[in-house]
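Subject: Structure handover

Hello,

Here is the structure I said I would pass on. My notes on it follow below the files.

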Amino acid sequence: MTFTRPKFRHPDSPPNALGYTRQDYEGSISTLCAGCGHDSITNSIIQACYELPVEPHRVVKMSGIGCSSKTPAYFLGRSHGFNAVHGRMPSIATGANMANRDLVYIGVSGDGDTASIGLGQFAHVIRRDLNMVYIVMNNGCYGLTKGQDSATTDRGSAGKKGIPNPFESIDLCEMAIQTGATFVARSFSGDKQQLVPLLKAAINHKGFSLVDVISPCVTFNNTTTSTKSYVYVRDHAEATGTLDFIPLRQEITTEYAEGATSEVTLHDGSVIFLYKGEDARDITNRRAAIDCLEDHRAQNRILTGLLYFTEDVEDTHDLIGTSRRPLNSLTKEDLCPGNASLQMIMEGYQ
Ligand SMILES: Cc1ncc(C[n+]2csc(CCOP(=O)(O)OP(=O)(O)O)c2C)c(N)n1
Ligand code: SF4
Ligand SMILES: [Mg+2]
């Protein structure tokens, strides 16, 4: 059986600003269960990269283990990729990013991969502010191993064969804000209108961006007793407001600015316009962002949208002063300063 997509597409499929069509951002055909939220997120990633646009060969896809971590096979088939060990995607992403800072790093993980076995790696990659987008396809269970509860399963929630979960759950967004993430968002796999601009902004943000996407597992955790089912999320999600992302090279027209309650400018000059409701909050206030998440959690509401953002970013490269150029572009002359310089260094130790 082949999982390669047929090459044929509509002849008028429009190219983006770089000359690529949407097809150039696709991958193999998905082998996930029909209706799985992860496939919708895959489509949003394809759409975001096509619209931005990014050059497919300048993207690195990283993942751990799980149904979610299989998805990099289904998008950006012309990009670099590494399917790592369970919960260890952040350290692989860190190594690659240190070697070449000029690429776009998109990490895909699951709630088990991130909040259970990978919790330590998750905390430390945030603390170091690695310049990457970290997407959690959050279905509140271990889908690949038949639906056991994960650390993001809400207390009292029950999947297809389980009993109500007796343990407290981890809110990855709250944890990320507390640990020092500089861009934190939550969305729903079924809300492409919200997810695509969030992903575009996350890709353009310099530093660590978390996009936690609730993504129902139709096979094991889409029951009436689950808080990660399609119906529950639709009934309980509450957006902080809508948003538009405008990349630097695109002209900002009044059409975007009209009605916006605030705008944030990313380090590269691109802009996010936010259109918020009456409870407009300052998303650059870390404590207020955590309080707001806690308030919603207490009322069993799921807060979505851009939850926290700061322009005050120093990524890992800035923090430890690495080479400005990718390591593969350094010559022997760059790497070997010569006898005189070595002599000076040695004298410095005496
Ligand atoms: C070291 C290790 N421990 C356990 C497993 C078994 N295992 C594979 S996937 C998985 C959990 C996947 O859950 P999640 O990350 O939420 O992804 P999903 O399948 O739900 O998308 C587990 C426990 C493994 N592959 N490797
Ligand atoms: S088991 Fe669940 S998470 Fe895995 S592919 Fe099927 S629906 Fe998706
Ligand atoms: Mg999962």
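Asn16 touches Tyr25, Tyr50 and Pro53, leaving aside residues up to four places away in sequence. Keep in mind throughout that this is a predicted model. Asn16 sits in the segment before α1 (37–51). Its relative accessibility is 12%, and because buried means under 20%, Asn16 counts as buried.

Next, the metal site. The magnesium ion (ligand 3) has three residues as its protein donors: Asp111 through OD, Asn139 through OD1 and Cys141 through O. These donors lie 2.1 to 2.2 Å from the ion. Written as a sequence pattern, the spacing of the donor residues is D-x27-N-x1-C. Asp111 belongs to helix α4 (residues 111–116) and Cys141 to strand β5 (residues 141–142), so the pair, 30 residues apart, links distant parts of the chain. Asp111 is buried, at 1% relative accessibility. Cys141 is buried as well, with a relative accessible area of 3%.

Then there is ligand 2. Which residues surround ligand 2? Going along the chain, they are Leu32, Cys33, Cys36, His38, Cys67, Asn139, Gly143, Cys217, Val218, Thr219 and Phe220. By class, seven residues of this shell are nonpolar and four are polar, while no charged residue is present. Asn139 appears in both places: it is a donor of the magnesium ion (ligand 3) and part of the surroundings of ligand 2.

Those are the points I have for the Asn16 contacts, the magnesium ion (ligand 3) and the shell around ligand 2.

Regards

Notes
Residues numbered from 1 in each chain as written. Chains lettered and ligands numbered in written order. Predicted model: local features only at pLDDT ≥ 70, side-chain atom pairs only at ≥ 80, totals over all residues. Heavy atoms only, no water. Donors = N, O, S within 2.8 Å, 3.2 Å for Na, K, Ca; no water. Helix = DSSP H or I, 4+ residues; strand = E, 2+ residues; numbered from the N terminus. Buried < 20%, exposed > 50% of the residue type's maximum accessible area, 1.4 Å probe, protein only. Contact = heavy atoms within 4.5 Å. Near = heavy atom within 4 Å. Nonpolar A, V, L, I, M, F, W, Y, C, P; charged D, E, K, R; others polar.
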